[in-house]
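Please read the following points alongside the coordinates. They take up surface, interior and charged pairs in turn.

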Amino acid sequence: MATGEVVKDSDRDTRELNIPVDEEYASSTNDGIQQFAYSDSRKIGITGAVFLILNKMIGTGIFSTPSAIFAATGSVGVSIILWIVGGILTFCGLSVFLEFGLAIPLSGGEKNYLERVYRHPRYLASCVLASQMILLGFSSGNSLAFGRYILAASGSKEGDGWTARGIAIACITFAVGLHSTLPKWGLRLVNVLGIFKVVILVFIVFSGFAAISGRLLVPPPGNFNNAFAIEVTENYGGQGAYGYATALLQIIYSYKGWENANYVLGELKDPRRTLSIAAPIAIGGVTILYVLANVAYFAAISKDDLATSEVLVAGLFFRNVFGDSAAARALPAFVALSNLGNVLAVSFAHARLNQEFGKEALLPYGKFWASIKPFNAPAAALFLHWLVTVIILVAPPAGPAYNFIVNLYTYPGSWINGFVAAGLIYLHFKKSENWTSPWHTYLPITALYLLANIFLAIVPFIPPNGDWNAEGYPYFVFPVVGVGVLILGGIYWVCWSKIWPAIGGYRIEAHRIVEDDGKEVVRYRKIKTR
């Protein structure tokens, strides 16, 4: 077993994160010390934080998920409204995370927020989150889309087969290898690709304006005639409440990444100021671009083609607007580079969260997973992210896998975010918690975010209208697996906190001290339990 504490003399809320256990030091022996300090040249400013968020938000989703969203709803107008709703929910979530993040300016995101609220049983919330983030916090969806778009650029019609998955494995391997050995260059590439993918989205938006004015190489689809009609055909519509829930999950996936900077707060320059400026800029810009990009897709692609295009929505859009020339076929390669930027941003942030679990000794061999040797980067935590991503890529049978991977990645986050929102409401009303933050989220905003996550957590269990195996697997697979992974975190907590200490006769404690200059020291101690 392992436990931990965080102490920072100048930060009361940080000091209250965990209950101190100094009385146990007398019976302990020093089992190792690790220091975590990043030079100012390695720390991330406002511009870097904006692009860190942009790169995770703008990835596969906006170039791929509009197909599944329209297929689920069967309505052009409803699809666009859902994208606007997704933006509103993202801003609600941002407000909740800003309040927590500005009060607890440490890397780790939800881990710190859940620990602050759900302190009993101690570390249960952290173990559940660790199970979700390690087992399901992968980059498989974006890596697979990278492979599909590379194949599309080469003229191949192959789907989610082994060729695409092999390219996907090469993509995640490159990202993890770069962050592990050349961390500065990894962040520089994140920034460059962040600019690049914004340019691509703006290009799609203006091409959509041209399509609306009639400049198309295919007959105008006329999708905006009676746009709010809900149609049911063989290819789209008729999925009921389940369809709307999965559509919103796909949209949440496309917006996901707005919380990216919260995972690396310990590596931001002046984290409170940087986060409060960078996050709203990035999310506001992305929301506008997402809605306009969907308008562009509907202006250029017929409903049947859109519903059956799967991952390659942007590729089909380019073909309808620019034809089938070599230059037009090269455009999907640009989308692939956007996917690469997302993989780089996700692997960078999620590895930091894996590292936090190692620092707390929540993982076996915590010192190893927390290490930043030899290149002052969390290579071991990055390897863990790589391993899970590759397993998820090769595990599904040959055939369509993208929608399943996306839903599996997104769904458990609804439970976690719901508990974060409920925790903030509790802190506001429980005066004895002495909760203060430079940012305040009003109750209606937190309540809306909570209710939306409850909806997304429950409705996927409701059977869809029509075929229960329309995607090639039973509709309930991803919610059952998602909840199962969260329950597995609870089982791990029982083993970690009760069974293993009883068998081994000791536990490992991680005592963390964050100094005023931002340097973090973690002391590992072996504590006898009998």
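**Notes on the predicted model**

1. Two helices, α10 (183-212) and α13 (271-300), each contribute at least two residues to a nonpolar patch. The model is a predicted one, and the patch should be read with that in mind. It covers about 640 Å² of the surface and is made by V202, F206, F209, I212, F224, I288 and L292. Helix α10 gives the most to it, with four residues.

2. Among the patch residues, I212 deserves a separate remark, since this residue lies in helix α10 and also belongs to the nonpolar patch. Its relative accessible area is 49%, and because exposed residues are those over 50%, I212 is classed as partly exposed.

3. The loop between α10 and α11 (240-255) holds A229, which is partly exposed at a relative accessible area of 22%. Because the buried class is reserved for values under 20%, A229 does not count as buried but as partly exposed. When residues up to four places away in sequence are not counted, A229 touches G74 and S75. The C-alpha atoms of A229 and V78 are 8.5 Å apart in space, although 151 residues separate the two in sequence.

4. Turning to the interior, a search of the whole structure returns five cavities of 30 Å³ or more, and the largest of them has a volume of about 150 Å³. This largest cavity is lined by 13 residues, of which I252, W258, N417, Y449 and N453 are the closest to its centre. Helices α5 (76-103), α19 (402-429) and α20 (443-458) each supply at least two residues of that lining.

5. Which residues does N320 contact, once its neighbours within four places in sequence are left aside? They are L216, L217, V218, A300 and I301. N320 itself is found in helix α15 (residues 313-322), and it counts as buried because its relative accessibility is 5%.

6. The structure holds five salt bridges. As background, side chains of opposite charge can pair when their charged atoms come close. One such pair is that of K111 and E115, whose side chains meet at 3.3 Å, N to O. Both residues lie in helix α6 (residues 110-117), four residues apart, which is about one turn of the helix, and both K111 and E115 are buried.

7. Another salt bridge brings together the side chains of R116 and E433, at 2.9 Å, N to O. This pair links distant parts of the chain, with R116 in helix α6 and E433 in the loop between α19 and α20, 317 residues apart. Both R116 and E433 are buried. The pair also belongs to a wider arrangement, in that salt bridges with shared partners join R116, R119 and E433 into one network.

8. A further salt bridge is formed by E259 and K256, where the closest N and O atoms are 3.1 Å apart. Here too, E259 and K256 are both buried.

Note on methods. Residues numbered from 1 in each chain as written. Predicted model: local features only at pLDDT ≥ 70, side-chain atom pairs only at ≥ 80, totals over all residues. Heavy atoms only, no water. Patch = residues over 30% accessible without salt bridge, like charges linked within 9 Å, V, L, I, M, F, W, Y side chains within 5 Å. Areas by Shrake-Rupley, 256 points an atom, 1.4 Å probe, with all protein chains shown as cover. Salt bridge = Lys/Arg side-chain N within 4 Å of Asp/Glu carboxyl O. Buried < 20%, exposed > 50% of the residue type's maximum accessible area, 1.4 Å probe, protein only. Contact = heavy atoms within 4.5 Å. 1 Å grid on protein atoms, 1.4 Å probe; cavity = no way out; pocket = protein on both sides within 12 Å on 5 of 7 lines; lining within 4 Å. Points joined across faces, edges and corners; volume = space filled by probe spheres on them.
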